[in-house]
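Biologist: Could you walk me through this one? I would like to hear the reasoning behind each label.

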Amino acid sequence: MTEQAEGSRAATTVAIVDDHEAVRLGLRAACREAGYDVVADTADVPTLLAAFEDPGSEPPRVVLLDLSLGDGSSVTDNVRAVLAAGSQVLVHSIADRVAAVREALAAGAAGVIPKSSPTSAVIAAIATVARGEALNNVEWASAIEADRDFAKDQLGRRERDVLHLYASGLPLKLVAQQLGIAHSTAREYLDRIRAKYVEVGRPAPTKVDLLRRAVEDGILPGLDAEAGDGRR
């Protein structure tokens with residue numbers, strides 16, 4: 001690991017919420033070995049939040065949250081409570097609970113990592129979420145209900161091209177270069193895309209939000225292969 005990466009991880013605070021003590025202990029050890037600062041591990045969300053109620057205390061950067069806790073709490077309430085406290089949420093789930101994963105993502109979780117994943121994948125996922133990015137993996141995408149009709153009916157082909165490249169991670173300047181258009185034109189397309197999502201009650205003010213919309217509407221992980229629709 002480079003010195004820069006070590007410094008970045010050391011600055012990242014992590015908390016773990018899981019109702020199985022053995023899971024918490026294992027995750028704590030793995031996170032600490034990777035250089036993260038594990039500031040709390042609890043069996044439920046209220047206990048976690050209570051630990052950071054004192055004035056001046058900083059909430060963890062990332063909370064690794066079990067999808068289904070034994071206290072009967074809902075995943076929506078848990079995700080929203082953690083987000084309101086100022087942390088990002090990475091859901092740690094059993095892969096076959098697609099409906100609950102979908103609920104967690106709808107509530108604002110940045111991603112989901114299956115409990116069957118190797119430790120290295122969990123550590124990498126935490127790093128992604130700590131950077132403020134959504135975790136765009138197979139589990140995340142497969143749990144989202146697609147709305148391909150919106151993309152086909154409301155977004156022109158060039159708008160879909162811009163959204164695909166921008167949501168994939170390219171800076172807008174490189175998006176414009178790759179499509180052979182002016183930077184200002186690419187910006188106009190992006191503004192138009194955001195306006196259309198606002199109109200249908202699905203605002204996407206950030207790049208992470210646009211990534212989510214692109215996956216939801218079938219634009220990522222791949223573009224619709226049909227020919228251009230003439231709306232450029």
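Biologist: How much surface does the protein expose, and what supplies it?

Modeller: This is a predicted model, and in it the protein exposes about 11,300 Å². Carbon and sulfur atoms supply 50% of that area. Of the 232 residues, 45% count as buried. The protein has twelve helices and five strands.

Biologist: What share of the contacts comes from residues 24 or more positions apart?

Modeller: Among contacts with a separation of 6 or more, such residues account for 69%.

Biologist: Let's turn to pairs of helices. Why are H10 and H11 called roughly perpendicular?

Modeller: The axes of H10 (residues 172–179) and H11 (residues 183–199) cross at roughly 110°. Angles of 65 to 115 degrees count as roughly perpendicular, so the label fits H10 and H11. Their axes also come within 8 Å.

Biologist: Which residues make that contact?

Modeller: H10 brings Leu172, Lys173 and Ala176, while H11 brings His183, Ala186, Arg187 and Leu190. By type, the residues of this contact divide into four nonpolar, one polar and two charged.

Biologist: What makes you say that the buried residues of H10 are on the same side?

Modeller: The buried residues are Leu172, Val175, Ala176 and Leu179. They cover an arc of only 95° around the axis, so they fall on the same side of H10. On the other side of H10, Lys173, Gln177 and Gln178 are exposed.

Biologist: What covers the buried residues of H10?

Modeller: The cover includes helix H9 (157–167) as well as H11. Just after H10 comes glycine 180, with a positive phi of about 70°.

Biologist: Why is H12 described as largely enclosed by the rest of the structure?

Modeller: H12 spans residues 207–216, and seven of its ten residues are buried, so the description follows. The buried ones are Leu210, Leu211, Arg212, Arg213, Ala214, Val215 and Glu216. H12 is followed by glycine 218, whose phi is also positive, near 80°.

Biologist: An arginine on that list catches my eye. How do you know that arginine 212 is buried?

Modeller: Buried means under 20% relative accessible area. Arginine 212 has 11%, so it counts as buried. This residue is in helix H12, and its C-alpha atom is 9.4 Å from that of alanine 110, although the two are 102 residues apart along the chain.

Biologist: And threonine 76, what makes that residue buried?

Modeller: The reasoning is similar. Its relative accessibility is 14%, which is why threonine 76 counts as buried, given the cut-off of under 20%. Threonine 76 lies in helix H4 (residues 75–84). Not counting residues up to four places away in sequence, threonine 76 touches Glu103 and Ala107.

Biologist: How do you know that alanine 104 counts as buried?

Modeller: Set its 1% relative accessibility beside the limit of under 20%, and the conclusion is that alanine 104 is buried. The residue sits in helix H5 (residues 98–107).

Biologist: Which residues are in contact with alanine 104?

Modeller: Leaving aside neighbours within four places in sequence, they are Leu67, Val75, Val79, Val91 and Ala109. Take valine 91 from that list: alanine 104 and valine 91 are 13 residues apart in sequence and 7.6 Å apart in space, C-alpha to C-alpha.

Conventions
Residues are numbered from 1 along each chain as its sequence is written. This is a predicted model: local features need pLDDT of at least 70, side-chain atom pairs count only at pLDDT 80 or more; totals for chains, interfaces and linings use all residues. Side-chain values use heavy atoms; hydrogens and water are left out. Axes are lines fitted to C-alpha atoms, for helices over the stretch in contact, and angles run from 0 to 180 degrees between N-to-C directions. Helices (H or I, at least four residues) and strands (E, at least two) are DSSP runs, numbered from the N terminus. Angles under 35 degrees count as roughly parallel, over 145 as roughly antiparallel, 65 to 115 as roughly perpendicular and the rest as oblique. Contact means heavy atoms within 4.5 Å. Ala, Val, Leu, Ile, Met, Phe, Trp, Tyr, Cys and Pro count as nonpolar, Asp, Glu, Lys and Arg as charged, and the others, Gly among them, as polar. Buried means under 20% relative accessible area, exposed over 50%, partly exposed in between (1.4 Å probe, protein chains only). Accessible areas come from the Shrake-Rupley method with a 1.4 Å probe; for residues, only the protein chains shown count as cover. The arc is that of the directions from the helix axis to the C-beta atoms.
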